[in-house]
Amino acid sequence: MKKLIFLIIAVLAYSFSMQATYEARFGWFGVVAKATGYFEKNQTSYIIKTFTKTTKFINFKNYHISKGRIINGILVPLTYENIIIRGDNKFNLIFTFDYLHKKIYKTKYKNGKFIYKRTLEYFANNDILSLYFNLPLIMKKNKQTFKAVGGDRHTGKIDVEILKKGKITKIKANLYNKIFVGDKGVVYLDINSSNWVTIDGIVKHVLKIGNLKGRLVSLKINP
């Protein structure tokens, strides 16, 4: 994945970026998908991008992009975009956060054509990407429920449970989003506690026939 820059940083003293690459295996199918995640931040702004593409079956590509501000160390998303390319069709779902009116607006395009603009049924201070990196600061108990775009379709609900702490933090997350992670929407992650990078992940009983396992292949950090 090419290095992506959200803002040109000329005067800020601090900038940080990292890029991780993953492979996902599904039973005897072997490697069925590859993914790249990119995170960059400075003193005031951040951008997170993930890109997943299938290596078998139907042509499928999925992008998730979160952009926003950093306030007191917390990532505060302003926009979150999900780009889905399935076969010959491209879908753009853009979510805009309105903190003044406590609303989130969803705009959908198909192959560049405007489809609709709606207001979500709920308001949340996170999307799934910002929530992930905010967890070390906002999770006060071993089991908590959050709201984030990318969670439950109607409420944004996401349950996070810390199963083990140490050099490796093991968590279980229920995103209530079958499209995002699989039949049940539950994912298990092993995270390096020092940099909060996922090392291994598993989604159980995908399509009721097996487990989808992901592992870190490479990591680049630019302090």
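This report describes the overall make-up of the chain, its helix H1, one of its pockets and two residues with a positive phi.

**Overall make-up**

The structure is a predicted model. Its chain contains two helices and 14 strands. Of the 223 residues, 43% count as buried. The accessible surface of the chain amounts to about 12,900 Å², and carbon and sulfur atoms account for 56% of that area. When contacts between residues at least 6 apart in sequence are considered, 37% of them join residues at least 24 apart.

**Helix H1**

Helix H1 spans residues 128-138. The N-terminal end of H1 is capped by Asp127, which places a side-chain oxygen 2.9 Å from the backbone nitrogen of Leu129. Leu129 itself belongs to the buried residues of the helix, together with Ile128, Ser130, Leu131, Tyr132, Asn134 and Leu135. In an α-helix there are 3.6 residues a turn, so residues three or four places apart point the same way.

**The second largest pocket**

H1 also takes part in the second largest pocket, giving the most to its lining with four residues. The volume of this pocket is about 250 Å³. Its lining comprises 18 residues, and those nearest the centre are Phe39, Lys41, Gly73, Phe133 and Leu137. Strand S1 (15-26) and strand S2 (31-42), like H1, each supply at least two residues of the lining. By class, the lining of this pocket holds 10 nonpolar residues, seven polar residues and one charged residue.

**Two residues with a positive phi**

Lys102 has a positive phi although it is not a glycine, and the description also fits Trp196. The table sets out the backbone angle, loop and relative accessibility of each residue.

| Residue | Phi | Loop between | Relative accessibility |
|---|---|---|---|
| Lys102 | about 55° | strand S6 (89-98) and strand S7 (103-110) | 52% |
| Trp196 | about 60° | strand S12 (186-192) and strand S13 (197-206) | 12% |

Lys102 lies in the loop that joins strand S6 to strand S7. Lys102 counts as exposed because its relative accessibility of 52% is over the 50% cut-off. Trp196 is placed in the loop between strand S12 and strand S13. Trp196 is buried because its relative accessible area of 12% falls under the 20% cut-off.

Terms used:
Residues numbered from 1 in each chain as written. Predicted model: local features only at pLDDT ≥ 70, side-chain atom pairs only at ≥ 80, totals over all residues. Heavy atoms only, no water. Buried < 20%, exposed > 50% of the residue type's maximum accessible area, 1.4 Å probe, protein only. Contact = heavy atoms within 4.5 Å. Areas by Shrake-Rupley, 256 points an atom, 1.4 Å probe, with all protein chains shown as cover. Polar contact = N/O pair within 3.5 Å; in protein donor to acceptor, adjacent residues only side chain to side chain. 1 Å grid on protein atoms, 1.4 Å probe; cavity = no way out; pocket = protein on both sides within 12 Å on 5 of 7 lines; lining within 4 Å. Points joined across faces, edges and corners; volume = space filled by probe spheres on them. Nonpolar A, V, L, I, M, F, W, Y, C, P; charged D, E, K, R; others polar.
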